[in-house]
Amino acid sequence: TVQTDFKGKKVMITMGPTQEALDPVRYISNHSSGKMGLALANAFRSRGAEVFVVSGPISLNVNKSDFHWQDVKSAQDMYEAASKIHSQMDICIFAAAVADYGPAEISPEKIKKSDSTLSISLVKNVDIAAKLGSSKKRNQVHIGFALETENEAKNAQSKLKKKNFDMIVLNSMKEAGAGFQVSTNKVHVFHASGLTAQSDVAPKDQIANLILDQIKNIPVWV
Ligand code: PMT
């Protein structure tokens with residue numbers, strides 16, 4: 001049987017890394033592949049939702065015409081693309097690994113090699129989830145991710161509050177088969193309501209469906 005339990009819902013998903021340019025040839029980024037975000041996009045689509053993807057640079061095989069797909073590079077680009085569509089969304093998933101800091105200036109020319117050390121000054125990027133969370137309407141649901149290396153549950157729960165999420169999905173860098181790059185994940189879900197859930201290591205497609213099932217426990221859904 002085909003599940004269409006998200007039919008009529010508009011869902012935005014941020015995914016992948018961001019790239020923060022240093023000069024015309026270099027950037028600061030991270031190891032996000034976009035696999036977790038894409039698994040969520042596919043799960044929502046197959047369960048009937050209309051899916052709006054805002055993706056940083058990824059190299060996965062994807063049929064973009066299955067979605068409303070927007071490619072972006074920097075955190076600022078991702079913020080602008082997401083904030084344009086945010087008010088029309090029922091559900092927003094923040095699965096992107098957004099660079100927290102970017103170069104204070106983008107050098108117009110390639111930075112030359114000269115001294116033995118080079119210092120680059122970084123400034124804080126916009127926090128997309130926190131910013132959009134502050135304008136979240138009562139009928140909107142926001143789901144965040146937390147990628148942690150220490151004090152995992154505590155940090156995840158503090159991000160849940162700080163960014164006004166209804167639910168946060170913790171994946172630990174310490175667990176084998178979880179987090180960046182790999183095709184599996186292991187998650188711990190914390191709801192704002194206090195409800196929690198956990199998974200074993202499983203394919204990201206399966207984790208995505210577990211996350212969708214958990215979204216249905218959010219009070220605004222009923
Ligand atoms: O792409 P994969 O290789 O499949 O890997 C998946 C993943 C590990 C990237 C994914 O599951 C994940 O955990 N994404 C969030 C990673 C992250 O940046 O976590 P964080 O704890 O730094 O951020 C907390 C939340 O705020 C996240 O929902 C993040 O999208 C959001 N955020 C953070 C900073 C920022 N400037 N803007 C944001 O929106």
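Two residues are in contact here if their C-beta atoms, placed from the backbone, lie within 7 Å. By that rule, Lys-163 touches Ala-129, Ala-130, Gly-133 and Gly-144, leaving aside residues up to four places away in sequence.

A word on what you are looking at. This is a predicted model, in which local features need pLDDT of at least 70 and side-chain atom pairs count only at pLDDT 80 or more, while totals for chains, interfaces and linings use all residues. Residues are numbered from 1 along each chain as its sequence is written.

**The annotated positions**

UniProt, in an unreviewed entry, places the feature "binding site" at Asp-100, Lys-110, Phe-145, Lys-159 and Lys-163. These positions spread over 64 residues of sequence and also spread in space, up to 37.0 Å between C-alpha atoms. UniProt positions follow the numbering used here, feature names are shortened, and annotations may be inferred rather than shown by experiment.

Let us follow two of the lysines. Lys-159 sits in helix α4 (residues 152-162), and Lys-163 lies in the loop between α4 and β10 (167-172). Helices (H or I, at least four residues) and strands (E, at least two) are DSSP runs, numbered from the N terminus. Lys-159 touches Gly-144, Ala-146 and Ile-168, again not counting residues up to four places away in sequence.

Are these lysines buried or exposed? A residue is buried if 20 or more other C-beta atoms lie within 10 Å of its own, exposed if 12 or fewer, and partly exposed in between, with C-beta atoms placed from the backbone. Lys-163 is buried because 21 other C-beta atoms lie within 10 Å, whereas Lys-159 counts as partly exposed because it has 19 C-beta neighbours inside 10 Å.

**Around the ligand**

A residue is near the ligand if its C-beta atom, placed from the backbone, lies within 6 Å of it. There are 28 residues around the ligand, and Ser-33, Lys-35, Phe-94, Ile-128 and Ala-129 come nearest. Elements giving two or more residues to this shell are α1 (35-46), α3 (128-133) and β9 (141-148). The largest share, four residues, comes from β9. By type, the shell divides into 13 nonpolar, 10 polar and five charged residues. Here Ala, Val, Leu, Ile, Met, Phe, Trp, Tyr, Cys and Pro count as nonpolar, Asp, Glu, Lys and Arg as charged, and the others, Gly among them, as polar.

**The sheet**

Strand β9 also belongs to an open sheet of eight strands with mixed pairing, in the order β5-β4-β1-β6-β9-β10-β12-β13. Two strands pair if DSSP finds at least two bridges between them. The edge strands, β5 (68-71) and β13 (196-198), each pair on one side only. Strand β4 (residues 50-55) runs parallel to β5, joined to it by four bridges, and Ser-55 stands opposite Asp-71 in β5.

**Two positive phi angles**

Most residues other than glycine have a negative phi. The table shows two residues with a positive value.

| Residue | Phi | Place | C-beta neighbours within 10 Å | Class |
|---|---|---|---|---|
| Asn-164 | about 60° | loop between α4 and β10 | 16 | partly exposed |
| Gln-181 | near 70° | loop between β10 and β11 (184-185) | 9 | exposed |

Asn-164 is found in the loop between α4 and β10, where Lys-163 also has its place.
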